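Please read the following report beside the sequence and the coordinates. It describes selected strands, a helix and several backbone features.

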Amino acid sequence: MDYILDICPKCMDKLYEREKTLDDNGREYNDPVSEAFCPNCGHRLIMACGGAKKPDSTVYDTAYKIFISYTADGQEEEAIDIVMKLGRCSRDAALEKLNTEHCLLCEGNLLETYLCIRELAEVNCFLVYETEPEFPYDIPLFTFFCPTCGGIPVMKEEILENSPFEVEVGIFCEKCNKWVKTYITSRKDIDNTVYHLRVCLKGIESNVKMELLEKLEAYEDWKIKKEVTEERIAVDGLASNISDILTDLKSNDISYEIEPPYPYEIPVYKKLWTEEDVELLKAMNPGLNVTAEELNDLN
Ligand SMILES: [Zn+2]
Ligand SMILES: [Zn+2]
């Protein structure tokens with residue numbers, strides 16, 4: 001990193017450009033703890049962010065906008081709280097923001113935006129966001145101190161024993177042997193593997209195919225690479241991005257190839273029987289006497 005900006009972890013009120021970015025041997029000096037101290041409280045400064053862009057007044061004063069791009073299901077209450085806090089708005093306004101596509105969450109200068117991104121990163125399992133213009137620096141997350149010993153914790157992931165699909169992620173103080181900050185997330189959500197999914201569309205019923213292609217259109221904003229033709233779908237994406245597509249495929253009994261093998265459970269939605277389906281079923285099985293209602297009750 002050419003430039004490093006430090007912050008006081010107690011005051012969190014200003015970004016300081018680190019003066020010394022090379023150590024005595026001329027190697028890049030990017031220790032998370034700065035050699036400088038906070039002029040207000042005397043605490044050591046820690047690295048807030050860094051990158052190649054010189055932090056001049058334009059960088060500090062640009063108005064960065066943060067947009068909400070996606071909220072995970074089942075986490076509405078947490079999302080409302082964070083939108084109320086960062087958007088400085090009422091509960092009603094937060095609800096409206098969450099229901100509006102690509103909604104503006106907040107706007108601020110470099111420091112204000114940095115603080116918002118940090119808060120969002122802490123809840124990143126359910127609120128996805130975009131900044132405009134792009135935030136110019138990389139933010140090493142969890143640059144916290146251990147409240148017990150004052151030491152620097154390390155990043156850690158631990159698979160939960162009683163839940164093979166979940167993992168505890170956070171920062172851990174090795175000296176005190178305890179978590180400083182942690183949250184539970186699914187292994188799928190932190191999996192960085194790119195899965196290559198290939199589906200042959202030949203012979204698939206046209207209404208099912210249309211439905212699938214329409215859904216793929218809607219995945220446009222997601223960070224996946226896709227190639228769709230009349231005969232073939234090719235998608236490269238992370239597990240969390242392609243899980244919905246896999247559910248659609250499996251629910252419709254469409255076969256596919258995936259590399260590397262997808263290790264997570266793929267939920268399947270239950271299909272409801274229509275009168276038409278039942279007529280077809282009866283035609284193929286003479287003597288069968290069932291109604292759509294009876295079949296749906298079996299589901
Ligand atoms: Zn301070
Ligand atoms: Zn400690």
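The text below turns to a sheet, then to a helix, and finally to the loops.

This is a predicted model, in which local features need pLDDT of at least 70 and side-chain atom pairs count only at pLDDT 80 or more, while totals for chains, interfaces and linings use all residues. Residues are numbered from 1 along each chain as its sequence is written, and chains are lettered from A and ligands numbered from 1 in the order in which they are written.

Helices (H or I, at least four residues) and strands (E, at least two) are DSSP runs, numbered from the N terminus, and two strands pair if DSSP finds at least two bridges between them. An open sheet of four strands follows the order β12-β13-β11-β14 with antiparallel pairing; its edge strands are β12 and β14 (257-259), each of which pairs on one side only. From one strand to the next, the twist averages 10°, with axes taken as lines fitted to C-alpha atoms, for helices over the stretch in contact, and angles running from 0 to 180 degrees between N-to-C directions.

Within this sheet, β12 (residues 225-228) and β13 (residues 232-238) are antiparallel and share four bridges, and a hairpin of three residues connects them. Lys226 has Val235 of β13 as its bridge partner. Strand β11 (residues 194-200) is joined to β13 by seven bridges, again antiparallel, and Arg198 is the bridge partner of Ala234 in β13. Helix α7 (residues 239-251) lies across β11 and β13, running at about 145° to β13.

In helix α2 (residues 76-86), the buried residues (20 or more other C-beta atoms within 10 Å of their own, C-beta atoms being placed from the backbone) are Ala79, Ile82, Val83 and Leu86. They lie on the same side of α2 because they cover an arc of only 100° around the axis, the arc being that of the directions from the helix axis to the C-beta atoms. These buried residues pack against β5 (64-71), α3 (91-98), β6 (103-108), α4 (110-122) and β7 (127-132), where contact requires C-beta atoms, placed from the backbone, within 7 Å. Just after α2, Arg88 has a positive phi of about 45°.

Two loops contain cis peptide bonds, as tabulated here.

| Peptide bond | Omega |
|---|---|
| Glu132 to Pro133, cis | near -10° |
| Glu259 to Pro260, cis | near -15° |

Pro133 is in the loop between β7 and β8 (154-159), and Pro260 in the loop between β14 and α8 (275-284). Asn177, not a glycine, has a positive phi of about 55° and counts as exposed, with 7 C-beta neighbours inside 10 Å, exposed meaning 12 or fewer.

Note on methods. Contact = placed C-beta atoms within 7 Å.
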